[in-house]
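Please look over the sequence and the three-dimensional structure below before reading on. The paragraphs that follow start at the ligand and then move outward to the chain as a whole.

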Amino acid sequence: MDKLVSLAKRRGFVFQSSEIYGGLNGCWDYGPLGVELLNNVKDQWWKAMTFREDIEGIDASILMHPRVWEASGHVANFTDPMVDCRECKARFRADQIEDAPCGNPAYKGRKASKCQAEGKFTEARQFNLMFKTFIGPLEDEGSVVYLRPETAQGIYVNFLNVQSASRQKVPFGIAQIGKAFRNEINTKNFLFRTREFEQMEMQFFVKPGTDVGWFEYWKDQRMRWFVDLGMTKDKLQWHRHESEKLAHYAKDAFDIEYQFPFGWGEIEGIHNRTDYDLSRHEEYSGKSLKYFDEATKERFTPYIIETSAGASRAFMAFLVDAYREEEAPTADGKMEVRAVMKFNKKLAPVKAAVFPLVNRDGMPEIAKKIELALRPHFRVFYDDSGAVGRRYRRQDEIGTPFCFTVDSQTLGDQTVTVRERDTMQQERLGADRVVRYLKDQFDTI
Ligand code: GAP
């Protein structure tokens, strides 16, 4: 994990937020390659969700009417038990003390549970995880609003707006990608638990009684999405929430977990939320959110099957999963260890690199021409510095699937080499076919 965090910084995937001021706990910035990878993850999710006839997209505002969070149960229930150490003032989630280190740097290696056993901790208090702010110029109780802790509520309150505007019939879904904020007591493990993150959520509205079947359908679809994007099957597992641990709204809930270097961690939740959300918003807003089924002339409150993925957690799982160190031959036939990100090519931040073998004999001009031809279609990288072997390694490390090299043969027959990242195999193709070649690699969504 340490290796990956340092590579992420060095190659421009992820930086600590406000690093020059010492950082801000639980907040991270995506660098030039990180933002490409994150966008590709979100793009694949968006296509999987909305390139189908029964799901519409939405982008709701982050700030919502404060009653939304009363109706949703977040004001009353979105809390974690928190304890403070009287000695070092460190703060812990009361249910996560077991794994936590002591907060005092002077006691290196000491466990927080030892301090607790010695009676240094306060009693547990409930702490609401929503960030509060004020809307308008007055900072009083009447102008409190919250940064949304999940994107889901923006979908529920727009259920009938979307349904009537799109003329969708139940069963149908609404998808959204957006920022969510949680004032987590303990942030940890790089991007895993942060205070600001992005969610990719889809709420599927179904007729009560059909919910169990749809729940199974969406479980299957969501696991398949990760596997189809190349995530190692053996590093994915289901975790079912025990009935006594289910969230207040849920009838059934499964997490998709990924085996990170620090252990199994949830990357997505699939929840059967029943009619809880729409009923609560009906109750608190006084507006009907019932659906009228024209075919059967029935009026009912739909059940909701939710698929809720963290974009940043998926990003981190794809990053961890792609990272390999393997033996590879050098130009002079020796073996060396290469670090390579084996991203699915749809996720790769840079799709191709273009090299002139040497900076003379007209090679840079031809390579530049190829680069310019590719640029309108793909994120590409031009590199003319250092030995070509080094250049391949630099691209391997960021997961670039294809490298095109202009060499002396190009000058005679106008062909270039294309080198594939995973096999390191090279073949030749006409320089004028490079754009077509790369387009063919990305033809399917
Ligand atoms: N609408 C349901 C909901 O928000 P959740 O299990 O609290 O459910 C869904 O969150 C997903 O959001 C999680 O599976 C995870 O991927 C992501 N997530 C939640 N809290 C997070 C945090 N503090 N940092 C990063 N991602 C988080």
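**The ligand and its surroundings**

An N or O atom in the side chain of Q199 lies 3.0 Å from an oxygen atom of the ligand, a polar contact in the sense of a pair of N or O atoms within 3.5 Å, where within protein one atom must be able to donate a hydrogen and the other to accept it, and residues adjacent in sequence count only if both atoms are side-chain atoms. Taken alone, the ligand exposes 550 Å², and the protein buries 92% of that; accessible areas come from the Shrake-Rupley method with a 1.4 Å probe, and for residues only the protein chains shown count as cover. This is a predicted model, in which local features need pLDDT of at least 70 and side-chain atom pairs count only at pLDDT 80 or more, whereas totals for chains, interfaces and linings use all residues. Residues are numbered from 1 along each chain as its sequence is written, and side-chain values use heavy atoms, with hydrogens and water left out.

Two further residues make such contacts with the ligand: a polar side-chain atom of E266 is 2.5 Å from a ligand oxygen atom, and a polar backbone atom of I267 is 3.0 Å from an oxygen atom of the ligand. There are 21 residues around the ligand, of which E150, E184, E201, E266 and E306 come nearest; a residue counts as near if one of its heavy atoms lies within 4 Å of the molecule or strand in question. By class, this shell has ten charged, six polar and five nonpolar residues, where Asp, Glu, Lys and Arg count as charged, Ala, Val, Leu, Ile, Met, Phe, Trp, Tyr, Cys and Pro as nonpolar, and the others, Gly among them, as polar. Strands β10 (196-206), β13 (263-272) and β16 (303-310) each supply at least two residues of the shell, and β13 gives the most, with five; helices (H or I, at least four residues) and strands (E, at least two) are DSSP runs, numbered from the N terminus.

S308 is found in strand β16, and its side chain is joined to that of E201 by a polar contact of 2.5 Å. With a relative accessible area of 11%, S308 is buried, a class that means under 20%, with exposed over 50% and partly exposed in between (1.4 Å probe, protein chains only). Apart from neighbours within four places in sequence, S308 is in contact (heavy atoms within 4.5 Å) with Q199, M200, E201, I267, E268, G269 and H271.

Further along the chain, strands β17 (residues 323-329) and β18 (residues 335-341) pair in the antiparallel sense over seven bridges, pairing being assigned if DSSP finds at least two bridges between two strands. They form a hairpin with five residues between them, and G333 in the turn has a positive phi of about 85°. P329 has M335 in β18 as its bridge partner.

In strand β19 (residues 352-356) sits F355, which counts as buried at 0% relative accessibility. Beyond its neighbours within four places in sequence, F355 contacts residues including A367, V388, Y392, F404 and V406. The C-alpha atoms of F355 and Y392 are separated by 9.4 Å, although the two are 37 residues apart along the chain.

Seen as a whole, the chain has 14 helices and 23 strands, and 50% of its 445 residues count as buried. Among contacts between residues at least 6 apart in sequence, 65% join residues at least 24 apart.
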